[in-house]
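Trainee: Please choose one part of this structure and take me through it closely. Show how it connects to its surroundings.

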Amino acid sequence: MAASPSFPAQVIAKRGREYILRHIPNMHKDQFALTASEAHLKYIKECAQLDDVTVHYYRLYKDKKEVEASLTLGLTLRGIQIFQNVGSVRQLLYDFPWTNVGKLVFVVSRITACSPG
């Protein structure tokens, strides 16, 4: 199953073709009676529960000369994740829950995260 408008490549890679094919028919039956706005709201609520969907990624470069980002910052509903980029693979280095982040500051091209207290 290749990437499609309904299923991005990373979702297919993580969940697998069989999982998608097994669960989609039931999902369609559950959504049949909903209005478009009800279906959108239900979709957003369900997506918010998934760790791998609700992440906004930002590429981090050590300096302006760097061609490929060496780190990736992930902002999630639960906190901040920092990944090391090794080729095309992201390896999780740190996972900070929001309770451990007192302040997050973006100034021009610098990001600063401070612990509470």
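Mentor: First, a term. Helices are DSSP runs of H or I with at least four residues, strands are runs of E with at least two, and both are numbered from the N terminus. By that rule, Glu38 belongs to helix H3, residues 36–48. Bear in mind that this is a predicted model.

Glu38 gives us an outside reference point. Its relative accessibility is 40%, so Glu38 counts as partly exposed. From Glu38 to Trp98 is 60 residues along the chain, and their C-alpha atoms are 30 Å apart. Keep Trp98 in mind; we return to it below.

The part to look at closely is strand S2, residues 71–75. Of its 5 residues, 4 are buried, so S2 is largely enclosed by the rest of the structure. What encloses it? Start with its partners.

S1 and S2 run antiparallel, with 5 bridges between them. S1 covers residues 56–60. In this pairing Arg59 stands opposite Thr72. On to the next pairing: S2 and S3 are also antiparallel, again joined by 5 bridges. There Leu73 faces Ile82 of S3 as its opposite residue. S2 and S3 form a hairpin, with 3 residues making the connection.

Now the approach to S2. Ser70 sits in the loop between S1 and S2. Its relative accessible area is 16%, which is under the 20% limit, so Ser70 is buried. The side chains of Ser70 and Glu66 make a polar contact of 3.4 Å. Beyond four places in sequence, Ser70 touches Leu60, Lys62, Phe83, Gln84 and Asn85.

Within the strand, take Thr72. Thr72 has a relative accessible area of 3% and is therefore buried. Its side chain has a polar partner: a contact of 2.9 Å joins it to the side chain of Asn85. Asn85 is also on the list of residues that Ser70 touches. Leaving out residues up to four places away, Thr72 touches Tyr57, Tyr58, Leu60, Gln81, Ile82, Phe83, Asn85 and Arg90.

A general point helps here. In a regular strand, side chains alternate between the two faces of the sheet. In soluble globular proteins, nonpolar side chains tend to be buried together.

Which residues make up the largest nonpolar core? Leu73, Leu75, Ile80, Ile82 and Val101 do, 5 residues in all. S2 and S3 (79–86) each supply at least two of them. Ile80 shows how the core connects outward. Apart from neighbours within four places, Ile80 contacts Leu73, Gly74, Leu75, Tyr94, Asp95, Phe96, Trp98, Val101 and Leu104. Trp98 returns here as one of those contacts.

At the other end of S2 is the loop to S3, and Leu77 lies in it. Leu77 has a relative accessible area of 53%, over the 50% limit, so it is exposed. Leu77 is in contact with Ala48, Thr54 and Trp98, leaving aside neighbours within four places. Tyr43 is 34 residues from Leu77 in sequence, and their C-alpha atoms are 16 Å apart.

Next, the aromatics. How many aromatic pairs does a search of the whole structure find? There are 2. Tyr57 and Phe83 make an edge-to-face pair, with 6.0 Å between centres and 65° between planes. The pair links distant parts of the chain, with Tyr57 in S1 and Phe83 in S3, 26 residues apart. Tyr57 is partly exposed, at 35% relative accessible area. Phe83 is buried, at 9%. In the pair formed by Tyr94 and Phe96, the ring centres are 5.8 Å apart and the planes meet at 15°, so this pair is stacked. Tyr94 counts as partly exposed at 47% relative accessibility, and Phe96 does too at 35%.

Thr72 ties this back to S2. It touches Tyr57, Phe83 and Arg90, among others. The charged end of Arg90 sits over the Tyr57 ring, 3.8 Å from the ring centre.

In short, S2 is bridged to S1 and to S3, and it helps supply the largest nonpolar core.

Methods: Residues are numbered from 1 along each chain as its sequence is written. This is a predicted model: local features need pLDDT of at least 70, side-chain atom pairs count only at pLDDT 80 or more; totals for chains, interfaces and linings use all residues. Side-chain values use heavy atoms; hydrogens and water are left out. Buried means under 20% relative accessible area, exposed over 50%, partly exposed in between (1.4 Å probe, protein chains only). A polar contact is a pair of N or O atoms within 3.5 Å; within protein, one must be able to donate a hydrogen and the other to accept it, and residues adjacent in sequence count only if both atoms are side-chain atoms. Contact means heavy atoms within 4.5 Å. A nonpolar core is a set of buried Ala, Val, Leu, Ile, Met, Phe, Trp, Tyr and Cys residues joined through side-chain atoms within 4.5 Å. Rings of Phe, Tyr and Trp (its six-membered ring) pair if their centres lie within 6.5 Å; planes under 30 degrees apart count as stacked, over 60 as edge-to-face and the rest as tilted. A charge sits over a ring if NZ of Lys or CZ of Arg is within 6 Å of the ring centre and within 35 degrees of the ring normal. Two strands pair if DSSP finds at least two bridges between them.
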